[in-house]
Structures are given as C-alpha cells and as structure tokens.
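This report describes how the chain shown below is packed and which side-chain pairs join its parts. The core is treated before the charged and aromatic pairs, and the overall dimensions close the account.

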Amino acid sequence: MESETARHEAQLALIAVEAAKKQQLIAFLTENTAPLLGTLRSYVQRMGLATGDDVPAVALEVLQEAVVEALKHADRFIPTGQPMAWLLGISVNVIKRKKAELALRARRETSIAT
C-alpha cells in the first residue's frame, strides 16, 4: 500500500513539474514572440519556404506549429538553458517538414499532369 501511495505521489509531482514547465514556456513565448517571429521570417525566406508577401503569413504558421509541438514536449523544456535556441530548433524542423510536404505535393502534381 505504501508503495502505491509513493508511486501516486511521484506521479503527482511529475505532473506538477510538467505543468510548471508549460507555464514557464508560455511566459517565455509571451515575452519573446516578436523576436522569435522576426527570426522565423528570415528562416522561412532563407530556407526557401516562402518569398515576398507570403513570408510573414508562413512564418506565423510555422511559429504556431512550433508552439504546439513545444507545448506537447514541454517536459524537455529547460528554462535555465537556451529556450530561444530550443524553440528555433523546433521551428527549423517544422520548416523542413513543410518543405518536404511541398516537394512531395509538387511531385504528385507533376506526375498527374504528365
């Protein structure tokens, strides 16, 4: 019985830690959305995901997807580390996935047209 109680308390502690990390992540995002979005605009353009007037909207979409992914993995968030680098790494992975999806879609459209 004691073991079960200890296990339950450990689970509750883990849930509390994860909730605290999510709150810290949300606070970081709230304070740093503008610089993060600015960097993402340049990444989106340099990595060839969008050009011209499409860049801001695509960068915002990337940011939204990166935030969703970051919140899913908040247990890996280290507030005392480099949160901006962590979020940018997630964002780069989102950009790469989007580029792969576009390439796949372009191949399908080409093969259908031929």
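In this predicted model, Leu36 touches Leu29, Leu63, Met84, Leu87 and Leu88, when residues up to four places away in sequence are not counted. Leu36 also belongs to the largest nonpolar core, which has 23 residues. Within that core, Leu36 is one of the six residues that touch the most other members, alongside Leu25, Leu40, Val44, Val62 and Leu87. Two or more residues are given to this core by each of helix 1 (2-46), helix 2 and helix 3.

Ser91 provides a second view of the packing. This residue is found in helix 3. Its relative accessibility is 0%, and because buried means under 20%, Ser91 counts as buried. With neighbours within four places in sequence left aside, Ser91 is in contact with Leu40, Val62 and Ala66. Of these contacts, Leu40 and Val62 are also among the residues that touch the most other members of the core.

**Salt bridges**

A search of the whole structure yields three salt bridges. The table lists each pair with the distance between nitrogen and oxygen.

| Pair | N to O distance |
|---|---|
| Glu61 and Lys98 | 2.5 Å |
| Glu65 and Lys98 | 2.9 Å |
| Glu69 and Arg97 | 2.5 Å |

The salt bridge of Glu61 with Lys98 has an N to O distance of 2.5 Å. This pair links distant parts of the chain, with Glu61 in helix 2 (residues 55-72) and Lys98 in helix 3 (residues 83-113), 37 residues apart. The two partners differ in their exposure class: Glu61 is partly exposed at 37% relative accessibility, whereas Lys98 is buried at 12%. Another distance places Glu61 relative to a residue elsewhere in the chain: the C-alpha atoms of Glu61 and Pro35 are separated by 15 Å, and the two residues lie 26 apart along the chain.

Lys98 also forms a salt bridge with Glu65, where the closest N and O atoms are 2.9 Å apart. Here too the pair links distant parts of the chain, since Lys98 belongs to helix 3 and Glu65 to helix 2, with their positions 33 residues apart. Glu65 has a relative accessible area of 33% and is therefore partly exposed.

In the remaining entry of the table, Arg97 meets Glu69, with 2.5 Å between the closest N and O atoms. Arg97 in helix 3 and Glu69 in helix 2 are 28 residues apart, and this pair likewise links distant parts of the chain. Both residues are partly exposed: Arg97 has a relative accessible area of 39%, and Glu69 has 21% relative accessibility. The class of Glu69 follows from the cut-off, because buried requires a value under 20%. Salt bridges that share partners join Glu61, Glu65 and Lys98 into one network.

**Aromatic pair**

Which description fits the geometry of the rings of Phe77 and Trp86? The structure holds one aromatic pair. The ring centres of Phe77 and Trp86 are 5.4 Å apart and the planes stand at 45°, so the pair is tilted. The cut-offs make the assignment clear, because planes under 30 degrees apart count as stacked and those over 60 as edge-to-face. Phe77 is buried, with a relative accessible area of 1%, while Trp86 counts as partly exposed at 23% relative accessibility.

**Overall form**

The chain contains three helices and zero strands, and its elements run α-α-α from the N terminus on. Its radius of gyration is 19 Å, whereas a compact globule of 114 residues would have a value near 13 Å. Along the principal axes, the C-alpha atoms fill a box of roughly 70 × 35 × 20 Å.

Among contacts with a separation of 6 or more, 68% are between residues 24 or more positions apart. Buried residues account for 25% of the 114 residues in the chain. The accessible surface of the chain amounts to about 7,800 Å², and 57% of this area belongs to carbon and sulfur atoms.

Note on methods:
Residues are numbered from 1 along each chain as its sequence is written. This is a predicted model: local features need pLDDT of at least 70, side-chain atom pairs count only at pLDDT 80 or more; totals for chains, interfaces and linings use all residues. Side-chain values use heavy atoms; hydrogens and water are left out. A salt bridge is a side-chain nitrogen of Lys or Arg within 4 Å of a carboxyl oxygen of Asp or Glu. Helices (H or I, at least four residues) and strands (E, at least two) are DSSP runs, numbered from the N terminus. Buried means under 20% relative accessible area, exposed over 50%, partly exposed in between (1.4 Å probe, protein chains only). Rings of Phe, Tyr and Trp (its six-membered ring) pair if their centres lie within 6.5 Å; planes under 30 degrees apart count as stacked, over 60 as edge-to-face and the rest as tilted. A nonpolar core is a set of buried Ala, Val, Leu, Ile, Met, Phe, Trp, Tyr and Cys residues joined through side-chain atoms within 4.5 Å. Contact means heavy atoms within 4.5 Å. The radius of gyration is taken over C-alpha atoms; the globule rule is 2.2 Å times the number of residues to the power 0.38. Accessible areas come from the Shrake-Rupley method with a 1.4 Å probe; for residues, only the protein chains shown count as cover.
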